[in-house]
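Hi,

Here is the model we talked about handing over. Please open it alongside this note; the findings follow below.

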Protein chains: 2
Amino acid sequence: MTVYDDTAGPTLLPATAMAGREEPVDRILATAYELFSRRGIRGVGVNELISDSGVSKATFYRHFPSKDALVLAFLELRDQVWTVELIVAEASRRGNTAEERLLAVFDVFGDWFQREDFEACSFINVLLEMGPGHPLGKASIDYLSRIRGHIQALAEEAGLDRPEEFSRSWHILMKGSIISATEGDTQASKRAQQMARWLIEHHRGL
Amino acid sequence: MTVYDDTAGPTLLPATAMAGREEPVDRILATAYELFSRRGIRGVGVNELISDSGVSKATFYRHFPSKDALVLAFLELRDQVWTVELIVAEASRRGNTAEERLLAVFDVFGDWFQREDFEACSFINVLLEMGPGHPLGKASIDYLSRIRGHIQALAEEAGLDRPEEFSRSWHILMKGSIISATEGDTQASKRAQQMARWLIEHHRGL
DNA sequence: TGGGGCGTACAGACCGGTCTGCCTCGGAGT
DNA sequence: ACTCCGAGGCAGACCGGTCTGTACGCCCCA
């Protein structure tokens, strides 16, 4: 279910202040991205989403039948904006080979951890907030597996052994370093990157 | 602030059903442990805590001035029951040397991940649920640093290099594997343990 | 003229927290 | 030995506030 319709109009830029000129559904999604990514799901009420996006309640519920539906749309948007554009694409930009691109993930993490608006990983947040049995938790698990898919694709491109298991170990390093960064350890990316190097070495053709 | 008074009476066993014979404060804490560890903080209301522990509301607020105060007591209990007794003590039981005890942490994790009542790490949950700026989030960060303290002590006992940095890297593996287990990867403990072995090798005196 | 947007009032549930009663039990005073 | 009293526990009404979601009326503009 693709709620966001980008057949017309400018591209949605969630991080920037929306001028109020876009369509209501875009304003709602942009506000949801801002608030959900910073304060979680239960920490943001529908009324706040409505007032911040300058939309009436009826309009809100016309586009999203429930708050959970909006959360699903937010997760999909987060996958596009954060996972793909901010992490994977940026890491690919920084590395020339597949191995370099893999390791560059933690360089991107290092910059990300430094930001004052660092908000951790929304998929982990929602998963732990709602639980793995909740539909939103299951959706988060699905988006987390997509992240592993990106890693696995790079591992295959690099010709590493057992790319699926490699990606699962790699993902442990990513998630663990994010939690450490949330605790305040801004050097967590470097620690994870070092372990990631050892992981690559042990998955190279012997 | 130690709310629980163990100067008299049987030891508190949070996992078992309380027979209703204990003191009200014990029943409240046991119920809080059950519910908070499984469903988080915001997912459990004061009314449910009261009815489940068979205590009146006035009694509840006589012992705990607020819900947050109960959460703080819960975190302290969790540190004792989970961190110390379930993880550190059990890992020490399974290993003969300091290095073996370190690696046994992930064996204990492996058993823990298999349990159907696996509830992830309450400190991570509360930290992400409330945010690092909230008092409960700060308390969780403090308890997470205590976990690192246990690891660092074992690293020093094992004579490893730079035990503080070692413990921070080690903790990344612990937290990452817990998230992976929450996603459903019950083999996450083995992946983390393998990376932990490499970490030990690189921290041994060269 | 009619659909979509806006504003708002409202329903019904639940939140944390306060407060008033009633009951029981144990210990002190006579 | 009997009475009395207060501490503490139980039960539940109640408070203001917030939650998600519905409904209604008005307006604008195509």
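**Contacts with the DNA**

A backbone N or O atom of A:Ser56 sits 3.4 Å from a phosphate oxygen of DNA strand C. That is a polar contact (a pair of N or O atoms within 3.5 Å; within protein, one must be able to donate a hydrogen and the other to accept it, and residues adjacent in sequence count only if both atoms are side-chain atoms).

First, the ground rules. This is a predicted model, where local features need pLDDT of at least 70, side-chain atom pairs count only at pLDDT 80 or more, and totals for chains, interfaces and linings use all residues. Residues are numbered from 1 along each chain as its sequence is written, chains are lettered from A and ligands numbered from 1 in the order in which they are written, and side-chain values use heavy atoms, with hydrogens and water left out.

**Strand C**

There are 18 residues around DNA strand C (near means that a heavy atom of the residue lies within 4 Å). A:Ser56, A:Arg62, B:Val46, B:Lys57 and B:Lys67 come nearest. Of the strand C atoms within 4 Å of the protein, sugar and phosphate make up 54%.

Chain B reaches both base and backbone. A polar side-chain atom of B:Lys57 is 2.2 Å from a base oxygen of strand C. For B:Tyr61, a polar side-chain atom lies 3.3 Å from a phosphate oxygen of this strand.

Helix 3 of chain A gives the most to this surface, with 5 residues (helices are DSSP runs of H or I, at least four residues, numbered from the N terminus). By class, the surface near strand C holds 7 nonpolar, 6 polar and 5 charged residues. Here Ala, Val, Leu, Ile, Met, Phe, Trp, Tyr, Cys and Pro count as nonpolar, Asp, Glu, Lys and Arg as charged, and the others, Gly among them, as polar.

**Strand D**

DNA strand D has 18 residues around it, and A:Val46, A:Lys57, A:Lys67, B:Ser56 and B:Arg62 come nearest. Sugar and phosphate account for 48% of the strand D atoms within 4 Å of the protein.

Phosphate oxygens of strand D have several partners. A side-chain N or O atom of A:Tyr61 is 3.4 Å from one. Backbone N or O atoms serve in chain B: B:Gly54 at 3.1 Å and B:Ser56 at 3.4 Å.

Helix 3 of chain B gives the most to the strand D surface, with 5 residues. That surface has 6 nonpolar, 7 polar and 5 charged residues.

Best wishes

Note on methods. Helices (H or I, at least four residues) and strands (E, at least two) are DSSP runs, numbered from the N terminus.
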